[in-house]
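Me: I have a protein chain to study. Please walk me through its strands, salt bridges and cores.

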Amino acid sequence: EGLFDRERKKPLPFLPRRIGLVCGRASAAERDVVENARRRWPSAVFEIRQVAVQGADAVPQVCAALAELDTHPEVDVIVIARGGGGVEDLLPFSNETMVRAVAAAVTPVVSAIGHDVDTPLLDLVADHRASTPTDAAKAIVPDADAERAAVAAARARGHRARRHAVHVPDAPADPPGRSRRVPDLRHGARAAARHRRRRAQS
(Lines give C-alpha, C1' and ligand atoms only; values in the text may rest on other atoms or scores of the structure.)
Protein backbone atom coordinates (compact mmCIF):
# COMPACT_ATOMS: atom_id res chain seq x y z
CA GLU A 1 0.00 0.00 0.00
CA GLY A 2 3.01 2.28 0.21
CA LEU A 3 2.33 3.42 3.79
CA PHE A 4 6.05 3.56 4.49
CA ASP A 5 7.12 5.10 1.18
CA ARG A 6 9.37 8.13 1.42
CA GLU A 7 7.42 9.87 -1.38
CA ARG A 8 4.28 10.17 0.75
CA LYS A 9 6.01 11.83 3.72
CA LYS A 10 5.08 15.45 4.36
CA PRO A 11 7.70 18.09 5.19
CA LEU A 12 7.70 19.62 8.67
CA PRO A 13 6.87 23.32 8.95
CA PHE A 14 9.76 25.69 9.66
CA LEU A 15 7.94 27.38 12.55
CA PRO A 16 4.60 25.86 13.57
CA ARG A 17 1.88 28.09 15.01
CA ARG A 18 0.98 25.36 17.49
CA ILE A 19 2.55 21.99 18.21
CA GLY A 20 0.29 19.07 18.95
CA LEU A 21 1.77 16.67 21.51
CA VAL A 22 0.36 13.23 22.33
CA CYS A 23 2.09 11.74 25.37
CA GLY A 24 1.66 9.94 28.68
CA ARG A 25 0.26 11.64 31.75
CA ALA A 26 2.90 13.61 33.69
CA SER A 27 5.57 11.85 31.62
CA ALA A 28 9.26 12.52 31.17
CA ALA A 29 8.64 12.47 27.41
CA GLU A 30 6.30 15.45 27.71
CA ARG A 31 8.84 17.42 29.75
CA ASP A 32 11.65 16.57 27.31
CA VAL A 33 9.73 17.75 24.26
CA VAL A 34 8.27 20.93 25.79
CA GLU A 35 11.36 22.10 27.70
CA ASN A 36 13.82 21.47 24.88
CA ALA A 37 11.54 23.05 22.25
CA ARG A 38 11.10 26.18 24.38
CA ARG A 39 14.82 26.29 25.06
CA ARG A 40 15.33 26.55 21.30
CA TRP A 41 12.29 28.75 20.57
CA PRO A 42 10.91 30.31 23.79
CA SER A 43 7.53 31.27 22.32
CA ALA A 44 6.64 27.74 21.14
CA VAL A 45 2.97 26.96 21.85
CA PHE A 46 1.70 23.43 22.57
CA GLU A 47 -1.64 21.66 22.41
CA ILE A 48 -1.06 18.67 24.70
CA ARG A 49 -3.22 15.56 24.89
CA GLN A 50 -2.29 13.19 27.70
CA VAL A 51 -3.23 9.58 27.00
CA ALA A 52 -2.41 6.01 27.95
CA VAL A 53 0.83 5.00 26.22
CA GLN A 54 0.79 1.31 27.06
CA GLY A 55 -1.80 -1.35 27.65
CA ALA A 56 -5.18 -1.96 26.05
CA ASP A 57 -6.27 1.69 26.14
CA ALA A 58 -3.20 3.06 24.39
CA VAL A 59 -4.25 2.53 20.76
CA PRO A 60 -7.78 4.01 20.96
CA GLN A 61 -6.65 6.95 23.12
CA VAL A 62 -3.65 7.84 20.97
CA CYS A 63 -5.73 7.57 17.79
CA ALA A 64 -8.50 9.76 19.27
CA ALA A 65 -5.99 12.42 20.36
CA LEU A 66 -4.32 12.31 16.94
CA ALA A 67 -7.67 12.77 15.17
CA GLU A 68 -8.58 15.72 17.42
CA LEU A 69 -5.27 17.50 16.88
CA ASP A 70 -5.33 16.78 13.15
CA THR A 71 -8.50 18.88 12.84
CA HIS A 72 -7.22 21.74 15.02
CA PRO A 73 -6.98 24.82 12.76
CA GLU A 74 -3.69 26.09 14.25
CA VAL A 75 -1.80 22.83 14.88
CA ASP A 76 0.85 22.57 12.17
CA VAL A 77 2.72 19.48 13.41
CA ILE A 78 1.93 16.62 15.80
CA VAL A 79 4.43 14.75 17.99
CA ILE A 80 3.60 11.34 19.40
CA ALA A 81 6.06 10.78 22.24
CA ARG A 82 6.82 8.05 24.72
CA GLY A 83 9.92 7.22 26.74
CA GLY A 84 11.74 3.92 26.58
CA GLY A 85 10.31 0.61 27.69
CA GLY A 86 10.22 -3.10 27.03
CA VAL A 87 9.07 -4.64 23.76
CA GLU A 88 5.59 -5.31 25.14
CA ASP A 89 5.29 -1.73 26.40
CA LEU A 90 5.92 -0.38 22.92
CA LEU A 91 3.66 -2.84 21.05
CA PRO A 92 0.76 -0.34 20.71
CA PHE A 93 2.97 1.81 18.49
CA SER A 94 3.21 -1.03 15.98
CA ASN A 95 -0.54 -1.61 15.97
CA GLU A 96 -2.11 -1.54 12.50
CA THR A 97 -4.94 0.77 13.57
CA MET A 98 -2.48 3.36 14.87
CA VAL A 99 -0.22 3.01 11.84
CA ARG A 100 -3.14 3.64 9.48
CA ALA A 101 -4.35 6.58 11.55
CA VAL A 102 -0.95 8.26 11.28
CA ALA A 103 -0.79 7.52 7.54
CA ALA A 104 -4.20 9.17 7.07
CA ALA A 105 -3.35 12.32 9.04
CA VAL A 106 -3.26 15.56 7.08
CA THR A 107 -0.93 17.23 9.58
CA PRO A 108 2.73 16.13 9.57
CA VAL A 109 3.44 13.62 12.36
CA VAL A 110 6.69 13.14 14.26
CA SER A 111 7.30 9.80 15.97
CA ALA A 112 9.37 10.03 19.17
CA ILE A 113 9.00 6.62 20.73
CA GLY A 114 11.52 5.10 23.12
CA HIS A 115 15.23 5.30 22.44
CA ASP A 116 17.34 5.15 19.31
CA VAL A 117 17.39 1.32 19.32
CA ASP A 118 13.58 1.07 19.45
CA THR A 119 11.91 0.85 16.03
CA PRO A 120 8.12 0.51 16.25
CA LEU A 121 6.17 0.68 13.00
CA LEU A 122 5.06 4.18 13.95
CA ASP A 123 8.63 5.31 13.17
CA LEU A 124 8.28 4.02 9.61
CA VAL A 125 4.90 5.56 8.82
CA ALA A 126 5.46 8.94 10.48
CA ASP A 127 6.61 11.88 8.38
CA HIS A 128 9.68 12.27 10.62
CA ARG A 129 11.30 9.83 12.99
CA ALA A 130 13.00 11.30 16.07
CA SER A 131 15.33 8.99 17.96
CA THR A 132 14.17 10.39 21.33
CA PRO A 133 11.63 12.96 22.60
CA THR A 134 14.54 15.41 23.01
CA ASP A 135 15.46 14.89 19.36
CA ALA A 136 11.85 15.60 18.42
CA ALA A 137 12.12 19.05 20.00
CA LYS A 138 15.05 19.83 17.71
CA ALA A 139 13.04 18.77 14.66
CA ILE A 140 9.89 20.83 15.27
CA VAL A 141 11.27 24.32 16.00
CA PRO A 142 14.32 26.27 14.81
CA ASP A 143 17.10 27.43 17.11
CA ALA A 144 16.42 31.11 17.90
CA ASP A 145 20.08 31.87 18.64
CA ALA A 146 21.21 30.36 15.34
CA GLU A 147 18.51 32.25 13.42
CA ARG A 148 19.52 35.56 15.02
CA ALA A 149 23.16 34.92 14.13
CA ALA A 150 22.20 34.12 10.53
CA VAL A 151 20.16 37.34 10.25
CA ALA A 152 23.04 39.40 11.68
CA ALA A 153 25.48 37.82 9.22
CA ALA A 154 23.12 38.50 6.29
CA ARG A 155 22.76 42.15 7.33
CA ALA A 156 26.52 42.52 7.57
CA ARG A 157 26.94 41.08 4.06
CA GLY A 158 24.28 43.48 2.77
CA HIS A 159 26.02 46.49 4.30
CA ARG A 160 29.34 45.44 2.77
CA ALA A 161 27.73 44.94 -0.64
CA ARG A 162 26.11 48.40 -0.56
CA ARG A 163 29.35 50.07 0.42
CA HIS A 164 31.13 48.29 -2.43
CA ALA A 165 28.41 49.25 -4.92
CA VAL A 166 28.69 53.02 -4.26
CA HIS A 167 32.47 53.13 -3.91
CA VAL A 168 34.25 55.00 -6.79
CA PRO A 169 37.99 54.41 -6.75
CA ASP A 170 40.20 57.48 -6.84
CA ALA A 171 42.17 58.21 -10.03
CA PRO A 172 45.79 57.11 -9.75
CA ALA A 173 48.06 59.88 -8.56
CA ASP A 174 50.77 61.23 -10.88
CA PRO A 175 54.33 60.38 -9.98
CA PRO A 176 56.20 63.17 -8.15
CA GLY A 177 57.49 65.87 -10.49
CA ARG A 178 55.25 64.84 -13.35
CA SER A 179 52.19 66.84 -14.31
CA ARG A 180 49.18 65.28 -15.93
CA ARG A 181 48.76 66.27 -19.57
CA VAL A 182 45.40 67.85 -20.43
CA PRO A 183 44.31 67.29 -24.06
CA ASP A 184 43.94 70.46 -26.12
CA LEU A 185 40.46 70.29 -27.65
CA ARG A 186 41.16 73.33 -29.85
CA HIS A 187 43.66 71.32 -31.93
CA GLY A 188 40.94 68.84 -32.93
CA ALA A 189 38.53 71.66 -33.83
CA ARG A 190 41.12 73.39 -36.12
CA ALA A 191 41.85 70.13 -37.90
CA ALA A 192 38.13 69.52 -38.53
CA ALA A 193 37.74 73.04 -39.95
CA ARG A 194 40.69 72.55 -42.39
CA HIS A 195 39.15 69.27 -43.58
CA ARG A 196 35.80 70.95 -44.30
CA ARG A 197 37.52 73.76 -46.31
CA ARG A 198 39.41 71.24 -48.48
CA ARG A 199 36.18 69.38 -49.31
CA ALA A 200 34.47 72.66 -50.21
CA GLN A 201 37.33 73.66 -52.60
CA SER A 202 37.46 70.30 -54.36
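Me: Which handedness does the β-α-β unit of β1, helix α1 and β2 have?
Reply: First, a caution: this is a predicted model, where local features need pLDDT of at least 70, side-chain atom pairs count only at pLDDT 80 or more, and totals for chains, interfaces and linings use all residues. Residues are numbered from 1 along each chain as its sequence is written, and side-chain values use heavy atoms, with hydrogens and water left out. Helices (H or I, at least four residues) and strands (E, at least two) are DSSP runs, numbered from the N terminus. A crossover is right-handed if, with the strands pointing away from the viewer, the path from the first strand over the helix to the second runs clockwise. The unit of β1, α1 (residues 28-40) and β2 is right-handed.

Me: How many bridges join β1 to β2?
Reply: Two strands pair if DSSP finds at least two bridges between them. β1 and β2 (residues 46-50) run parallel. One bridge partner of this kind is Glu 47 in β2, matched with Gly 20. The number of bridges joining β1 to β2 is five.

Me: In β3, which residue is the bridge partner of Leu 21?
Reply: β1 also pairs with β3 (residues 75-82), in the parallel sense and over five bridges. The bridge partner of Leu 21 in β3 is Val 79.

Me: How many of the six residues of strand β1 are buried?
Reply: Buried means under 20% relative accessible area, exposed over 50%, and partly exposed in between (1.4 Å probe, protein chains only). Strand β1 spans residues 18-23 and is mostly covered. Arg 18 counts as partly exposed, at 23%. The buried residues of β1 number five.

Me: What is the N to O distance in the salt bridge of Glu 47 and Arg 18?
Reply: A salt bridge is a side-chain nitrogen of Lys or Arg within 4 Å of a carboxyl oxygen of Asp or Glu. Glu 47 and Arg 18 meet in one through their side chains. They link distant parts of the chain, strand β2 and strand β1, 29 residues apart. Their N to O distance is 3.1 Å.

Me: Which glutamate in the loop between α2 and β3 is tied to Arg 18?
Reply: The side chain of Arg 18 also meets Glu 74 in a salt bridge, at 2.8 Å from N to O. Glu 74 lies in that loop and Arg 18 in strand β1, so the pair ties together parts that are 56 residues apart in sequence. Glu 74 counts as partly exposed, at 34% relative accessibility. The residue asked for is Glu 74.

Me: Are Asp 145 and Arg 148 buried or exposed?
Reply: Both lie in helix α7 (residues 144-166), three residues apart, about one turn of the helix. They form a salt bridge, with the closest N and O atoms 2.5 Å apart. Asp 145 and Arg 148 are both exposed.

Me: Which residues touch the most other members of the largest nonpolar core?
Reply: A nonpolar core is a set of buried Ala, Val, Leu, Ile, Met, Phe, Trp, Tyr and Cys residues joined through side-chain atoms within 4.5 Å. The largest one has 24 residues. α2 gives the most to this core, with six residues. Those touching the most other members are Val 22, Ile 80, Phe 93 and Val 109.
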